[in-house]
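Reader: Got a minute to go through this one with me? I'd like to jump around a bit.
Author: Sure, bring it up and ask away.
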Amino acid sequence: MAVAPAMHGTIAEFDDPDALLAATIHARDAGYTHMEAYSPLPIHGLADALGFNDYRIPRFAFAGGLVGGLTGMFGLWYVSVIDYPLNVGGKPLFSWPQFIPVAYEATILFAAGMTFLACWALNGLPKVYHPVFNARNFDRASQDRFFLCIEVTDPIYDERGTAEFLAHQEGVLNVSEVEK
Amino acid sequence: MATQPIQTELKTRPTYERFIDGEHDYTSITEIISDVVLSPRPPVAWFLAFGFGFFFVNIFLMAVTWLVLRGTGVWGNNIPVGWAWDIINFVWWIGIGHAGTLISAILLLMRQQWRNSINRFAEAMTIFAVVCAGMYPLLHTGRPWCDYWLFPYPNILGMWPQFRSPLEWDVFAVSTYFTVSLLFWFLGLVPDIASLRDKSTHPLAKWAYGIACLGWRGAARHWARYEQATMILAGVSAPLVLSVHTIVSFDFAVGIVPGWHTTIFPPYFVAGAVFAGFAMVLTFGLPIRVLYPRLKDYITDKHLDWMAKITLATGLIVFYGYILEMFYGMYSGNTYEIALVMNRLFGPYKWFYYALIFCNGIAPQALWIPSLRRHVPFLWIMSLIVGVGMWLERFVIIPMSLTRDFLPSNWGAYDPTFWDWALFLGTMGLFTFLFFLFIKFLPMINLFEMRELLHSIHSHDHATAVREGRDPGHGGHGGNGGTTRDAGMPGYEQDQAATRPLADGA
């Protein structure tokens, strides 16, 4: 007999963002912790309902900006004072007001670059394969359908009980299992 | 229904203005916008526009080849006009890009939801405009293969770029602008490319979109980080876009040539950039509405109206700049500045100056009339007039000042050559070529932001219906959990407080 495929979780499909949000809140209140909601548009409050509390991206952006600004200013100081001092009409070598535009652009460049990289790195992307892509109808998760997946790793996950719980949510279209 | 507690029903920021015409749901939005990309045969007009672009791309390649073979002497640049079409067109193109960043970043920070349907192609225009702009200084160096010398890197010559020069600032401003615009554009594209991955049927398209969307799966935690990143990128793009044209204006304002050395330049250049940019968005956006009529529900007449209003407003700022330039010249008491004002009004290039005042100062006043702001052919012609006007502005600033500097023995004249024209028309072709490639291969309207807009319209309709005691007719789950929807969004709290008493009284 063939080995039963490993399970990723149980997934419910909705056609309305507010129904998904409501179901997610119910699942959280029921004690589920290992779950993820999928939607074709950002829904405010959905990540909060999943217990999302990650605000590292702004810190990365700030750090990037700081490093960029300091690199710009110190870089120009090094070039103008240490490596290639050039006396222009007796003006000071460290004529910092003239270095502001470059330092300013470097601040923005580094902040934007760090934000971009942090966004993908913290999201664990690029990642071409994920078990949830096996879910029924999941190609519509990027178009017009909304999904809530409770994963088998959840301490209170129970194949039948979880499926029943999801099936009782308002606005649910169908509930199915997701193979790994 | 009216007796139920309904404070949870409120979408806290009422969307009184509707930016989607007709009946739409998430399915139809996805369908209509991705059809432009996925339909096997684009309309004939697409081929015509693309062919036009392709033809001029070839002209562009010829112009560049000839330039590289023979040197910058093939241009009309001479002494005293060492800078001519290369800098005129550089400034013109880079200004055109600014509208895209204004729409994508500044209007996002201001929560202007009407931007959702126009930001994607405006951002694409930003990137293509910067590509066209960048060609000019890179080619004007005469040896474009040595252009990496512009960047500071440790080298065996023991030399560094001149960091006290606005031209070197330009290198940093423009390259940062290009990079950040590209990152921002790509970030916005990822979820939409995922939609294309899931909608396309051709294996090659599925594979290519699958790679490009980085495996996006629309997880709520991903969206949350994604929105953080979007807001930060918008937040850094807003000061960036202001700095870019400011630094471009320093190229002139830091110089001592009559007509350049004024403090009005930075704000007046930035306003002019947005003015020209919105005109270009209209120049390309209006034909696209004709080419793909189903998109008219998303790029509505109201969008045209509001874009025309921004064009008018920035046009007035620019016109104010022209008046102040005259004032500065006369008020300076400086012989050379006064002579320059006289030269603009009565000199050999006076018709360019009068045409400039007509195009940028007088003609846009027609946009005060509401019906003309929605009149598509009129608006299109107006956008072309503004495009020409902004080009003339740079012509007036650059060769008119350079041909009449301090010593009459230095005076000269300037005429563009065939190769100036070829390169300029060539960059227009390059822009058109890239733009039409873009609308064929990537969604030109932001899919997920349109869904978001629809969601907020639905929520608003639902709340209104409940408040007025009607059946909302939307399955009844629209309001569940509504209070959490905007949790943690400080900007909304005031609105919430303002609307709640109204709801309680209903």
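Reader: Of the contacts in chain B between residues at least 6 apart in sequence, what share joins residues at least 24 apart?
Author: That share is 82%. Keep in mind that this is a predicted model.

Reader: How many helices and strands does chain B have?
Author: Chain B has 17 helices and 0 strands. Of its 506 residues, 46% are buried.

Reader: What about α7(B), how far does that helix reach?
Author: From first C-alpha to last, α7(B) covers 49 Å, close to the 50 Å expected at 1.5 Å a residue. The helix runs over residues 220–253, which is 34 residues.

Reader: And why call α7(B) largely enclosed?
Author: Because 26 of its 34 residues are buried, α7(B) is largely enclosed by the rest of the structure.

Reader: Switching to the core. Which residues touch the most other members of the largest nonpolar core?
Author: That core has 185 residues, and the ones touching the most other members are A:F147, A:L148, A:C149, B:I94, B:M125, B:A129 and B:V281. Helix α8 of chain B, residues 265–291, contributes the largest share of this core, with 16 residues.

Reader: What is B:V281 in contact with, leaving aside neighbours within four places in sequence?
Author: B:V281 is in contact with B:A99, B:I118, B:A122, B:M125 and B:M307. B:M125 is also on the list of residues that touch the most other core members.

Reader: OK, chain A now. What's the strand order in the open sheet?
Author: The order is β2-β3-β1-β4, four strands with antiparallel pairing. β2(A) and β4(A) each have a single partner strand, so one side of each is left without a neighbour in the sheet. On average, neighbouring strands are turned by 20 degrees against each other, direction ignored.

Reader: Which helices lie across that sheet?
Author: α1(A) lies across β1, β2, β3 and β4 of chain A, at about 20 degrees to β3(A). α5(A), residues 159–167, lies across β1, β3 and β4 of chain A and runs at about 155 degrees to β4(A).

Reader: Back to the edge strand β2(A). How many bridges pair β2(A) with β3(A)?
Author: There are 4 bridges, in the antiparallel sense, with β3(A) spanning residues 146–151. Within that pairing, A:A37 stands opposite A:L148, and A:E36 stands opposite A:C149. Both A:L148 and A:C149 turn up again on the list of residues touching the most other core members.

Reader: Are the faces of β2(A) covered or uncovered?
Author: Both are covered. A:M35 and A:A37 are buried on one side, and A:E36 and A:Y38 are buried on the other. In a regular strand the side chains alternate between the two faces of the sheet.

Reader: How many residues does each chain put into the contact?
Author: Chain A gives 61 residues and chain B gives 59 residues. On the side of chain A that touches chain B, α1, β2, α2, α3 and α4 each supply at least two residues. α4(A) gives the most, with 14 residues.

Reader: What's the make-up of that side of chain A?
Author: The residues there divide into 39 nonpolar, 12 polar and 10 charged.

Reader: Any backbone oddities? Where are the cis peptide bonds?
Author: One runs from A:L125 to A:P126, with omega near 0 degrees, and A:P126 lies in the loop between α4 and β3 of chain A. Another runs from B:I79 to B:P80, with omega near 20 degrees. B:P80 is in the loop between α2 and α3 of chain B.

Reader: And which residues other than glycine have a positive phi?
Author: A:N137 is one of them, with phi near 65 degrees. A:N137 lies in the loop between α4 and β3 of chain A. B:L214 also has a positive phi, about 60 degrees, and its place is the loop between α6 and α7 of chain B. Most residues other than glycine have a negative phi, and most peptide bonds are trans.

Reader: How many other C-beta atoms lie within 10 Å of A:N137, and how many for B:L214?
Author: A:N137 has 13, and is partly exposed. B:L214 is partly exposed too, with 17.

How values were computed:
Residues are numbered from 1 along each chain as its sequence is written. Chains are lettered from A and ligands numbered from 1 in the order in which they are written. This is a predicted model: local features need pLDDT of at least 70, side-chain atom pairs count only at pLDDT 80 or more; totals for chains, interfaces and linings use all residues. Two residues are in contact if their C-beta atoms, placed from the backbone, lie within 7 Å. Ala, Val, Leu, Ile, Met, Phe, Trp, Tyr, Cys and Pro count as nonpolar, Asp, Glu, Lys and Arg as charged, and the others, Gly among them, as polar. A residue is buried if 20 or more other C-beta atoms lie within 10 Å of its own, exposed if 12 or fewer, and partly exposed in between; C-beta atoms are placed from the backbone. Two strands pair if DSSP finds at least two bridges between them. The expected span of a helix is 1.5 Å times one less than its number of residues. A nonpolar core is a set of buried Ala, Val, Leu, Ile, Met, Phe, Trp, Tyr and Cys residues joined through C-beta atoms within 7 Å. Axes are lines fitted to C-alpha atoms, for helices over the stretch in contact, and angles run from 0 to 180 degrees between N-to-C directions.
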